[in-house]
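Q: Please take a close look at one chain of the entry below. Then follow it to its neighbours, and define each term when it comes up.

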Amino acid sequence: MINYSTPEFLIERDRNRCIDCKVCVRQCANEAHSFDEEEQKVVSHDEKCVACHRCVVMCPTHALTIKRFPLEFRQNSLWTGRTIKDIYMQAETGGILSTGMGNDKPYPIYWDHMLLNASQVTNPSIDPLREPMELKTFIGRKPDRLEFKDGKLATKLSTQLELDLPVIFSAMSYGSISLNAHKSLAKASQVEGTFWNTGEGGLHRDLYEYGPNTIVQVASGRFGVNPEYLNAGAAIEIKIGQGAKPGIGGHLPGEKVDWEVSKTRMIPEGTDAISPAPHHDIYSIEDLHQLIFSLKEATNYKKPVGVKIAAVHNVAAIASGIARAGADFITLDGFRGGTGSAPLRTRDSVGIPIELALAAVDTRLRNEGIRGSVSIISASSIRNSSDVVKAIALGADAVYIGTAALISLGCHVCQKCNTGKCNWGIATQNPNLTKRLNPEIGAQRAANLLLAWKREIKEMLGGMGINALESLRGNRLMLRGIGLSDRDLKILGINAAGE
Amino acid sequence: MKKVYAKEEYCLGCRLCEVHCIVAHSDYKNDIVKAFKKQEQRPLPRVIVEENRPVSFALQCRHCEDAPCTTACITGAMQKDPVTGVVTCEESRCVGCWTCILACPFGAIARNEQGKKVASKCDLCSELGDIPACVKNCPNAAMVFEER
Amino acid sequence: MKYVIVGNSAAAIGAVEGIRKVDKDSPITLISDEPYHTYSRPLISYYLAGKVSQEKMYYRNEDFYQVNKVETILGVKAEGLDAAEKVVTLLNGQKVGYDKLLIATGGKPFVPPNLILQKSGMYSFIKLDDVKEIEKIAKSGSKTVIIGAGLIGLKAAEGLAKLGVDITVVELANRVLSAILDEEAAAFVQDNLEEHGIKFELNTTADKILGEDKVSGVVLQNGKELECDFLIVAIGVVPNTDLVKGSEVKLNRGIVVDEHMETNVPGVYAAGDVSEGYDTIYKQQRVLPILPNAYRQGENAGKNMAGAESVYAGGFAMNSIGFFDYPMITAGIIKPEGDEFESLVQSDPACKSYKKIVLRQDVIVGFIYLNKVDRAGIITGLISDQVNVSTFKQALLEDDFGYIDFPVEERKVRMLKGGRSA
């Protein structure tokens with residue numbers, strides 16, 4: 001049978017600069033470069049290239065670049081080259097198309113349709129270099145009223161997570177990403193005063209020391225869940241759904257389940273780790289209520305227990321139910337959320353944008369008078385500090401960053417996480433590859449990202465004349481929409497620019 | 001005395017250390033392309049990368065306090081500088097007898113047979129006056145230059 | 001403290017450097033029967049072949065004696081020792097007194113009675129003056145016979161071959177370099193030498209020298225008669241112990257010393273080819289006529305003479321040599337006899353490569369590397385540290401054998417320590 005697949009990328013090598021040092025050959029896990037002994041030259045194989053840029057970055061003479069493979073299809077807005085090639089692939093294999101990372105389709109990005117305010121005459125802006133700026137954030141159930149006795153607070157507060165900035169590292173499981181990646185994020189969260197999330201793969205032994213900065217996840221497969229695990233972290237998150245693949249469970253291919261992953265997840269080595277779509281003990285909101293409280297019992301009511309759902313239709317109603325079921329925080333994961341592996345169509349067609357979901361949930365909970373009973377953590381599509389500020393303004397208590405965190409570690413978003421051949425040592429368990437991510441360097445980079453955003457958020461807040469994040473939270477008046485329909489504006493609860 | 005120590009957990013086996021060692025000892029210390037394409041006799045890399053995947057690491061002269069190569073050298077070309085502690089081979093006196101190769105327990109000396117036979121080994125980039133080129137250019141901090 | 005050193009080669013220089021590590025100022029007097037600045041004896045064949053000039057043979061810089069405050073008496077032989085008076089008598093009558101004496105007189109050529117260098121045209125091949133004589137007579141087309149196919153004999157042959165001399169080497173053993181190679185390795189080497197025109201007569205030696213005043217030929221024990229214009233006796237070297245004849249200094253084959261390189265006479269030390277140091281492989285005192293060992297012994301002697309306690313840990317036979325760009329490195333026991341030994345061999349005639357590693361109860365005690373000599377020192381290190389290699393025995397002969405084959409902990413200890421220290 002003829003193979004119709006053609007390369008997606010073109011490896012361009014400047015022969016004047018190439019010194020045949022073979023670094024590219026050694027560094028490409030996809031074997032897109034090899035050394036021709038007879039010709040004594042390095043040669044490339046375009047069909048294997050995934051545009052991860054490892055060779056480009058490592059080449060000491062910058063002799064390489066990657067271009068889109070210049071194979072032209074006849075211009076067709078409906079039947080693009082990509083669309084056509086997907087069909088070839090399925091005709092050949094009969095299989096589900098799989099991919100990594102988040103939705104890359106050109107749906108609207110609402111962050112880019114919202115603009116921030118700045119103070120001018122009536123309410124002077126604040127200079128963050130001269131005045132203290134409070135970015136502190138507390139995640140957890142807030143009381144409805146405060147009672148004082150003898151000048152002291154009498155109301156018992158439930159446990160809060162204290163963050164130095166409203167950004168947390170998102171849930172990425174050990175198995176989908178490497179131990180070195182986990183180490184980098186754990187250490188960075190400790191240094192910058194925030195948290196990281198274990199994802200559904202359990203918590204590796206070596207990371208128990210970062211417990212006070214860890215949010216442990218309990219997902220439908222219950223991987224790695226035992227009383228020690230639950231008590232090791234600072235909070236527990238029950239994963240009901242994930243933005244990248246709402247309605248289905250996690251999938252870790254057997255190749256990525258080595259001995260360490262097997263030990264941490266408590267599953268046999270080499271077996272596929274499939275999380276079922278629903279938790280098989282949660283079939284109603286009452287069951288969720290029961291699980292939340294079982295986890296609180298197991299941890300002596302000392303840790304906030306939250307629930308993560310994907311942003312889908314009716315997300316506001318679901319969130320309301322979860323708040324009433326006793327969750328201390330709700331994580332909303334929008335359709336741009338990343339993943340180590342998901343069916344392509346599910347990733348690209350299921351779920352709704354986080355901006356709309358966030359606004360809808362915040363509005364709904366406020367209208368019902370229960371906004372204070374949960375913190376909302378918004379996840380997916382946060383690319384930079386202005387996205388963070390906009391998310392807070394829409395109503396989020398904090399945001400999760402997943403893709404951005406991995407990019408800080410070196411990810412180039414080539415979307416091949418599911419192959420396990422991540423050349424950056426992030427989305428792989430191959431020891432030849434995982435050593436590429438030096439956790440000392442990774443931790444520094446991830447921490448630097450948080451520090452940089454801290455500084456930028458303070459600048460933007462100062463510009464708005466605000467010196468405490470609390471004044472921005474849910475403050476929709478700080479936003480204006482641009483290029484949005486009336487309906488969008490209404491759902492987001494913001495005015496249009498010019499109004 | 002500061003020396004180079006490898007961290008095998010972080011070595012990628014990329015051998016960029018070898019590339020930069022060659023450049024640092026060539027006539028074109030700032031131009032990798034010229035060092036490789038234009039230089040007549042390309043210097044040998046003084047760092048040896050040992051590899052048996054997934055383990056790999058870079059090894060070079062340890063500049064031993066009591067260097068066996070200096071006692072073995074029949075011409076007195078191998079000497080330890082009394083001030084800097086760096087062990088260097090004075091190539092004009094070296095006759096390529098390889099007795100140093102016989103003596104070095106780290107196997108850190110290579111045979112340069114491109115012209116006159118001389119022993120080739122790490123000199124801690126003493127001429128550059130900077131940290132050794134291998135340490136400076138390692139992409140994953142798999143080598144450190146420190147006192148122990 | 002007056003230090004006197006008799007000798008001017010590796011052991012003597014080692015001693016000077018050893019003394020100066022401890023005692024920067026006390027006077028050192030160095031006496032040598034050769035008139036030259038310290039030079040490397042192994043380089044005389046290079047000199048003969050025209051590869052180095054005399055200046056390039058110097059073992060240390062021109063200003064070495066000055067920098068190290070050494071007073072030299074060169075070109076005068078030390079001929080007698082009065083240990084009671086602590087005086088060394090020179091051939092010219094001069095008497096040199098000492099507080100500490102080092103005898104580093106090295107070796108002298110072994111010449112059997114029938115080959116005594118009486119006729120003209122007969123030479124040994126030990127020192128610079130020998131080759132200076134030879135170079136007058138050796139020219140393209142002249143014929144020579146070299147008695148002895150050991151390190152010295154073959155190096156002489158290589159040097160002369162480069163001058164175009166017709167050479168036949170006569171050897172008593174069944175193979176060349178019998179002290180350091182086994183039969184199989186020796187065959188590789190002999191092939192290489194024969195390719196360069198050198199002829200061999202093995203299993204025999206010289207019986208009678210022909211010629212009246214000048215040598216004209218030699219009759220071998222096997223009956224063959226060889227013509228020659230000059231003859232080189234290169235059978236071997238013995239410790240040059242003439243200086244201590246008649247004194248109380250104890251002799252065996254060489255001068256007997258303890259682990260501080262001191263002889264039985266307090267204040268009198270010996271080092272280098274003249275002495276017997278501890279052989280760590282044979283586990284007994286032996287003459288170890290190898291330059292690295294000589295330097296090491298001299299350095300130790302020097303330190304002890306200057307009052308710093310320093311133990312000579314011992315050495316063993318090791319050689320790095322090459323003929324016509326064919327290199328070889330050997331050490332220790334290479335022809336083991338006995339059940340406790342195990343030999344690992346890898347022979348590759350296509351690459352002219354031969355590797356042999358000899359183990360005694362999983363500890364390496366010897367090796368031969370022909371042609372592929374890179375990183376041989378790792379094996380030498382395993383011999384001197386007496387490491388049990390059972391866990392990585394099978395990797396030893398591989399081309400890329402290295403620290404990666406060591407167990408992780410062993411490797412880290414060695415590599416992360418900062419090298420060999422005193």
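A: **Chain B and its neighbours**

Chain B holds five helices and eight strands; helices (H or I, at least four residues) and strands (E, at least two) are DSSP runs, numbered from the N terminus. The model is a predicted one, in which local features need pLDDT of at least 70 and side-chain atom pairs count only at pLDDT 80 or more, while totals for chains, interfaces and linings use all residues. Residues are numbered from 1 along each chain as its sequence is written, and chains are lettered from A and ligands numbered from 1 in the order in which they are written.

Read from the N terminus, the order of elements in chain B is β-α-α-β-β-α-β-β-α-β-β-α-β. The C-alpha trace of chain B extends about 40 × 40 × 30 Å along its principal axes. A compact globule of 148 residues would have a radius of gyration near 15 Å, and chain B, at 15 Å, agrees with that. The radius is taken over C-alpha atoms, and the globule rule is 2.2 Å times the number of residues to the power 0.38.

Of the 148 residues in chain B, 58% are buried. A residue is buried if 20 or more other C-beta atoms lie within 10 Å of its own, exposed if 12 or fewer, and partly exposed in between, with C-beta atoms placed from the backbone. Among the contacts in chain B with a separation of 6 or more, 58% join residues 24 or more positions apart. Two residues are in contact if their C-beta atoms, placed from the backbone, lie within 7 Å.

Next, the partners of chain B. Two pairs of chains touch, and the pair with the most contacts is B and C. That contact takes 34 residues from chain C and 34 residues from chain B. On the chain C side, helix H7 (291-305), strand S22 (318-323), strand S23 (326-332) and helix H8 (377-384) each supply at least two residues. This side of chain C divides into 19 nonpolar, nine polar and six charged residues. In this classing, Ala, Val, Leu, Ile, Met, Phe, Trp, Tyr, Cys and Pro count as nonpolar, Asp, Glu, Lys and Arg as charged, and the others, Gly among them, as polar.

With chain A, 17 residues of chain B are in contact with 16 residues of chain A. Helix H1 (16-24) and helix H2 (32-37) are the elements of chain B that give two or more residues to this side. H2(B) gives the most, with four residues. By class, the side of chain B that touches chain A has eleven nonpolar, two polar and four charged residues. Chains A and C do not touch, and their nearest C-alpha atoms are 15 Å apart.

Chain C has nine helices and 26 strands. Its radius of gyration is 22 Å, close to the 22 Å of the globule rule for 422 residues, so chain C is as compact as a globular protein of that length. The box filled by the C-alpha atoms of chain C is roughly 70 × 60 × 40 Å along the principal axes. Of its 422 residues, 47% count as buried. Residues 24 or more positions apart make up 62% of the contacts in chain C with a separation of 6 or more.

Strand S23 of chain C, one of the elements on the side that touches chain B, includes Met328(C). Met328(C) has 26 other C-beta atoms within 10 Å and is therefore buried. Leaving aside residues up to four places away in sequence, Met328(C) touches Val189(C), Ile321(C), Gly322(C), Tyr369(C), Leu370(C) and Val373(C). Tyr369(C) is 41 residues from Met328(C) along the chain, yet their C-alpha atoms are separated by 5.6 Å.

In chain A, helix H8 (residues 315-324) packs against helix H10 (residues 354-367) at an angle of about 50°, with axes 8 Å apart. Axes are lines fitted to C-alpha atoms, for helices over the stretch in contact, and angles run from 0 to 180 degrees between N-to-C directions. H8(A) and H10(A) are therefore oblique to each other; angles under 35 degrees count as roughly parallel, over 145 as roughly antiparallel, 65 to 115 as roughly perpendicular and the rest as oblique. H8(A) contributes Val315(A), Ala316(A), Ala319(A), Ser320(A) and Ala323(A) to the contact, and H10(A) contributes Ala357(A), Ala360(A), Val361(A), Arg364(A) and Leu365(A). These residues divide into eight nonpolar, one polar and one charged.
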